[in-house]
Amino acid sequence: MSQHCRSLTCGPDAMDLPVRFSPKSNSWGTSNSTMMAHPESDLMEECLKEDLKFYFMNPCEKYRARHQIPWKLGLQILKIVMVTTQLVLFGLNNQLVVSFKEDNTVAFKHLFLKGYSGVDEDDYSCSVYTQEDVYESMFFIINQYHRLKNISLGMLGYEENEDDRIGLRVCKQHYKKGTVLPSNYTLNIDSEVEIDCIHLDPQVLNSENSGHWMNSSFFSLEFYRLLQVEISFNLKGIDLQTIHARELPDCYVFHNIITFDNKAHSGRIKIYFDTEANIQECKGLHVSGSSQKNTQYILMFDVFVIVSCVTSLILCTRSIVLALRLQKRFTRFFLEKYKRRVNDADRWEFINGWYILVIISDLMTITGSILKMEIKEKNLTNYDLCSILLGTSTLFAWVGVIRYLGYFQTYNVLILTMQASLPKVLRFCACAGMIYLGYTFCGWIVIGPYHEKVRYRAPSLFHQWSKYLEHKDLFSQELP
């Protein structure tokens, strides 16, 4: 019968499955008489039953029925090992990138912020309280920029700003005009904001009269009208620590902005230091030694990962296509024999969600591996995007292991329990979310004005929740 099933299921909608079970008798006469005794519809039904039974088997049962090695299972296990190794290698390299950016940010704050204690006061770095401190802090930044090559421990140099000019750009925002007399509560302010800017290039700072810019009328600040002063400049540097990890170095451009915020006019000007590090293509990069050879080995490993993921992608896509063809056969048979349509729940049983998860993981791994190779060759600098792709794909790959654990009875009970309890867990999370939102808004209006970290930072539900739970941090501040 199995041989006859193969001939009956060779149509365009037939599932490409070989003979599953050997017939009870190897005699041609017995097989021929059996075929004569069964009408064609019964034979098609038996063939469909065999295909359905084989499709819903696990790899171990398929191995016993077909006596073939489960290549797909072996490939998935091998792929998990490879993508995890790839993720670890990229993660170690990415840690060097992040640490270099963070170290430079701390170094910049110590270099350019006068009196910086080493710890940010809140979301701002430090603050000043007198006019003299404001002028000293501004001039300190300019002088430190001028002396940067002589005082900096890092490999830093001047870089052009958005105006294609090297130097500092100092801008101040203030009300157009106004008169303020606090003694008799007199106020006359034009709320229109004006912006004035000045550019100080290294040539001006190096000139014989290098200090004449301090006497410029631009730096005569009228603090009752002043909103903020912004000093921006660009620096470039080279990360040499990657050489110790046998990696090619990266070149950076640091966009630095120092802001003196006086919008509150409360007697305290907050100083914000913001820096944005962008990786640029290094020009004239020549590194001798084993770094180049190590890069080639890692690129070869990435190619091998891509090949394995492409193979896995093809096999899983083929399985889904065959499942859809089997679903079509089953639906058509059910309609012809029982005059009923198969419900959606039964139709979805043919779609293996694990295969879809593996396909998504493979696509993300392939894309992330290509990005990683381009980053390795210093053609791209999308570290964050590559981290998201490789991290998510590895997460999906490890979650896919749950499918194989379900083949064991002990784990299968646990997995079925998780599936059955998932709707109830989601309903519980929805109810807990309502309580959390109510608590958040209530806590924000009641405690928020007296809690500096919540009051001055950007509104964040998670931030408020975490800070409210940290009772030692919350109640350490004296409430009025």
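## Helix α13 and its packing

The buried residues of α13 pack against α5, β6 (250–261), β7 (269–280), α12 and α14 (401–405). Packing is judged here by contact, meaning heavy atoms within 4.5 Å. The model is predicted: local features need pLDDT of at least 70, side-chain atom pairs count only at pLDDT 80 or more, and totals for chains, interfaces and linings use all residues. Residues are numbered from 1 along each chain as its sequence is written, and side-chain values use heavy atoms, with hydrogens and water left out. Helices (H or I, at least four residues) and strands (E, at least two) are DSSP runs, numbered from the N terminus.

Helix α13 covers residues 383–399, a run of 17 residues. From its first C-alpha to its last, the helix reaches 24 Å, close to the 24 Å expected at 1.5 Å a residue; the expected span is 1.5 Å times one less than the number of residues. Its buried residues are Y383, C386, L389, L390, S393, T394 and A397. Buried means under 20% relative accessible area, exposed over 50%, and partly exposed in between (1.4 Å probe, protein chains only). Seen down the axis of α13, the buried residues fall within an arc of 135 degrees, so they line one face of the helix. The arc is that of the directions from the helix axis to the C-beta atoms. On the other side of α13, D384 and I388 are exposed.

## Salt bridges

The structure holds 6 salt bridges, each defined as a side-chain nitrogen of Lys or Arg within 4 Å of a carboxyl oxygen of Asp or Glu. In one of them, the side chains of D362 and K79 meet at 2.5 Å, N to O. D362 lies in helix α12 (residues 353–376) and K79 in helix α5 (residues 71–112), so this pair ties together parts that are 283 residues apart in sequence. Both partners are buried: D362 has 0% relative accessibility, and K79 has a relative accessible area of 2%.

Helix α5 also carries K109, which forms a salt bridge with D120 in the loop between α5 and β1 (126–128). The closest N and O atoms of this pair are 2.8 Å apart. K109 is buried at 11% relative accessibility, whereas D120 is partly exposed at 30%.

A further salt bridge joins E159 to K236, with the closest N and O atoms 3.7 Å apart. E159 lies in strand β2 (residues 156–159) and K236 in strand β5, so the pair ties together parts that are 77 residues apart in sequence. E159 is partly exposed at 21%, and K236 is partly exposed at 41%.

## Surroundings of L113

L113 is found in the loop between α5 and β1 and is buried, with a relative accessible area of 4%. Leaving aside its neighbours within four places in sequence, L113 is in contact with F108, S125, C126, F140, I258, I271 and F273. Of these, F140 is 27 residues from L113 in sequence and 7.6 Å from it in space, C-alpha to C-alpha.

## A nonpolar surface patch

M155, I238, L240 and I243 make a nonpolar surface patch of about 310 Å². Patches are made of residues with over 30% relative accessible area and no salt bridge; like charges are joined within 9 Å, and nonpolar side chains (Val, Leu, Ile, Met, Phe, Trp, Tyr) within 5 Å. Accessible areas come from the Shrake-Rupley method with a 1.4 Å probe; for residues, only the protein chains shown count as cover. Within the patch, L240 is placed in the loop between β5 (226–239) and α9 (241–244). L240 is partly exposed, with a relative accessible area of 36%.
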